[in-house]
Amino acid sequence: MQNEQDIYEEHVLDHYEDPYHRGALQDATHAHEADNPLCGDVIHIDLKLTPQGKIEEAWFDGEGCVISQASASMLIEAIEGKTLEELQTFSADDMLELFGPKLTPNRQKCCLLGWRVLQSAVHSPLGGDEDDDADGPSFGGPSLKEES
Amino acid sequence: MTAANPLMPESQTASQPLDLSGQLAKYREDFPILSRTVASGAPLAFLDNAASTQRPRVVIDAISHCYKHYYANVHRGIHTLSEESTMRYERARKTVAEFLNAASPNEIVFTAGATAAINTVARSWGDVNLRSGDVILVTIAEHHANIVPWHQLAERTGCRVEFISLQDDYTISDDQVAEALKRFEPKLFAFVATSNVLGTEFPVARWTALARQHGAAVLVDAAQAAPHQPVDVQEWDPDFLVFSGHKVCGPGGIGVLYGKEHWLESMPPFLGGGSMINRVTTSGFEPAGLPEKFEAGTPPIADAIGLEAAIDYVRQIGLERIAAHERALCKVADGGLRELEGVTVVGPTPEKKCGIVSFAIAGVHAHDVSQQLDTRGIAVRAGHHCTMPLHHALGLNSTTRASFYLYNTVDEAERLVEAVGEVRTKFAPSGRRRRRR
């Protein structure tokens, strides 16, 4: 309505309802999962990396708000086929840009959950003694919902 | 509160109608912020009052007047401004004492907020009185502010925290309380007077009496009660009671710890520093008397004065009338939301609660609800509202909460219901397909 930019643009809702590669990847080589306990959003990412360091396949699963789930879908779609070097240059700002609609700082945390899980996933090989107890991404700044 | 209180304006006696509607427009004009619009351009409907309320002009002006005309540090200043500031600061304490019907202003300690007040009790009273194996009893409906300080106390002393669970109707029975008191023999029963999520109003006087029978001290978290209903500490009879200024139209950064004088006398100071001492030597210190003993450092002077203005303001309207008004709005919102398909109201029916209505929509995250309501100008809160154990017990990640105050209107309650109906439609699956890349 009026003059605000609707953050639930069509393509956001499209990704929410019809996500890219949502589910588990059977022959994943790397995986990571984290949540944002403040709002309960959870994202799990499975990756299949080639020995040369290319993301051959990527899948995600999770639950949470539209922003967290749709952004994870967009991210997974965007990074498949990329090399780890290319991934390194994909910054948080790039993620926000990929998402599209401008988000307030509180909602940026939702949008960046998948991106942060991905940063950890590429360093979390499966089958080894990976630290799957890692606390997950740490969200700096004021907490999202510590009010009363 | 009764007409027996000579400070209570006559308009507040029970014989007057408990209806704000005639004067609501006037009250709303007292709050400059209420006339603004939100980012979308929609007019603001501020329904996030359980998190923090707005300030009427008299509060803003009282703070501003303090800084413009007589501000200086309080106590021990031998000059005009300090004398005047001290007089006003101590007058604010007296007003708070009257607001709670405390026996003496010595029982009123200014803190940074309700959270700081509970932490003061935990650090001071708790460290002295709790031993390994002792129990602090709380309810599952507590705000984190009335859980975490006790977890911390448990870490320091080896005591433990036990929780009373909720019944299916979001209440807790006296029998449950009596049983828990008997079973755990707690040193302290710390409970919330009004749940900040469920809106459930617990029977404080009855529970305090039960706790007495079992030898437990009582702390009441009145953060959601004191701004919305008459609170009388002599009638409720807790050992400690806390509330925050910003939830009662007052400034942020100030709250109140009420404590029975004999407890406060016997408790060691928590924070050390200036103001809280009579004498300091190279080898030690002698603490000041009440209430300075618990007010180390320069206190929130203008904030105390602003809080006094806020208390004067709500008392002038009448706490009974405010409570009745909120109840009426709650009824509209609660009833309307319960009729919407897919919407679950998380809390008891209106007759058992105050002006707080929390809800969950099947398949829609609370953040998306809140975001969407914002485009309609409606400010609500989404998340766990600092009650993770409660949400966990209810099997919910998060809820959306609308909370009313004296300046809200029936129209706003109806706008809420209508907008929540739209939200459901917006996020319902509709056969969308992602564009292939």
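Here are five short exercises with worked solutions on a predicted model with chains A and B.

**Exercise 1. Which elements make up chain A, and in what order do they run?**

Solution. Start by counting: chain A has five helices and three strands. Next, read along the chain from the N terminus, where the order is α-β-β-β-α-α-α-α. Now add some overall figures. Chain A has 148 residues, and 51% of them count as buried. Its exposed surface is about 6800 Å², with 48% supplied by carbon and sulfur atoms. Finally, look at contacts between residues at least 6 apart in the sequence of chain A: 65% of these join residues at least 24 apart.

**Exercise 2. How do the axes of helices α1(A) and α2(A) cross, and which residues make the contact?**

Solution. Find helix α1 of chain A at residues 10-17 and helix α2 of chain A at residues 66-79. Their axes come within 8 Å and cross at roughly 85 degrees. Angles of 65 to 115 degrees count as roughly perpendicular, so α1(A) and α2(A) are roughly perpendicular to each other. Then list the partners. From α1(A) come A:H11, A:V12, A:L13, A:H15 and A:Y16. From α2(A) come A:V66, A:Q69, A:A70, A:S73, A:M74 and A:E77. Sorted by class, the residues of this contact are six nonpolar, four polar and one charged.

**Exercise 3. Is A:V66 buried or exposed, and what is A:V66 in contact with?**

Solution. First locate the residue: A:V66 is in helix α2 of chain A. Its relative accessible area is 1%. Buried means under 20%, so A:V66 is buried. Now leave aside the neighbours within four places in sequence. In chain A, the contacts of A:V66 are A:Y8, A:V12, A:L13, A:Y16 and A:S71. In chain B, A:V66 touches B:D368 and B:F427. To finish, take one of these partners, A:V12. A:V66 and A:V12 are 54 residues apart in sequence, yet 7.8 Å apart in space from C-alpha to C-alpha.

**Exercise 4. How does α12(B) cross α14(B), and how many residues of α12(B) are buried?**

Solution. Begin with the positions: α12(B) covers residues 366-375 and α14(B) covers residues 410-427. The two axes come within 10 Å and cross at roughly 120 degrees. That angle makes α12(B) oblique to α14(B). The crossing is right-handed.

Next, name the residues that meet. On the α12(B) side they are B:D368, B:V369, B:Q372 and B:L373. On the α14(B) side they are B:L416, B:A419, B:V420, B:V423, B:K426 and B:F427. By class, this contact has seven nonpolar, one polar and two charged residues. You may recognise B:D368 and B:F427 as contacts of A:V66.

Now turn to burial. Nine of the 10 residues of α12(B) are buried, so this helix is largely enclosed by the rest of the structure. Among the buried ones are B:A366, B:H367, B:S370 and B:T375. Last, step past the end of the helix: α12(B) is followed by B:G377, which has a positive phi, near 85 degrees.

**Exercise 5. Where is B:N49, and is B:N49 buried or exposed?**

Solution. Look in chain B at the loop between β1 (45-46) and α2 (57-69), where B:N49 has its place. The relative accessible area of B:N49 is 0%, and B:N49 is buried. Then check what surrounds this residue, leaving aside neighbours within four places in sequence. The contacts of B:N49 are B:Q54, B:S403, B:F404, B:Y405, B:Y407 and B:N408.

Note on methods: Residues are numbered from 1 along each chain as its sequence is written. Chains are lettered from A and ligands numbered from 1 in the order in which they are written. This is a predicted model: local features need pLDDT of at least 70, side-chain atom pairs count only at pLDDT 80 or more; totals for chains, interfaces and linings use all residues. Side-chain values use heavy atoms; hydrogens and water are left out. Helices (H or I, at least four residues) and strands (E, at least two) are DSSP runs, numbered from the N terminus. Buried means under 20% relative accessible area, exposed over 50%, partly exposed in between (1.4 Å probe, protein chains only). Contact means heavy atoms within 4.5 Å. Accessible areas come from the Shrake-Rupley method with a 1.4 Å probe; for residues, only the protein chains shown count as cover. Axes are lines fitted to C-alpha atoms, for helices over the stretch in contact, and angles run from 0 to 180 degrees between N-to-C directions. Angles under 35 degrees count as roughly parallel, over 145 as roughly antiparallel, 65 to 115 as roughly perpendicular and the rest as oblique. A crossing is left-handed if the near helix is turned anticlockwise from the far one by less than a right angle, and right-handed if clockwise. Ala, Val, Leu, Ile, Met, Phe, Trp, Tyr, Cys and Pro count as nonpolar, Asp, Glu, Lys and Arg as charged, and the others, Gly among them, as polar.
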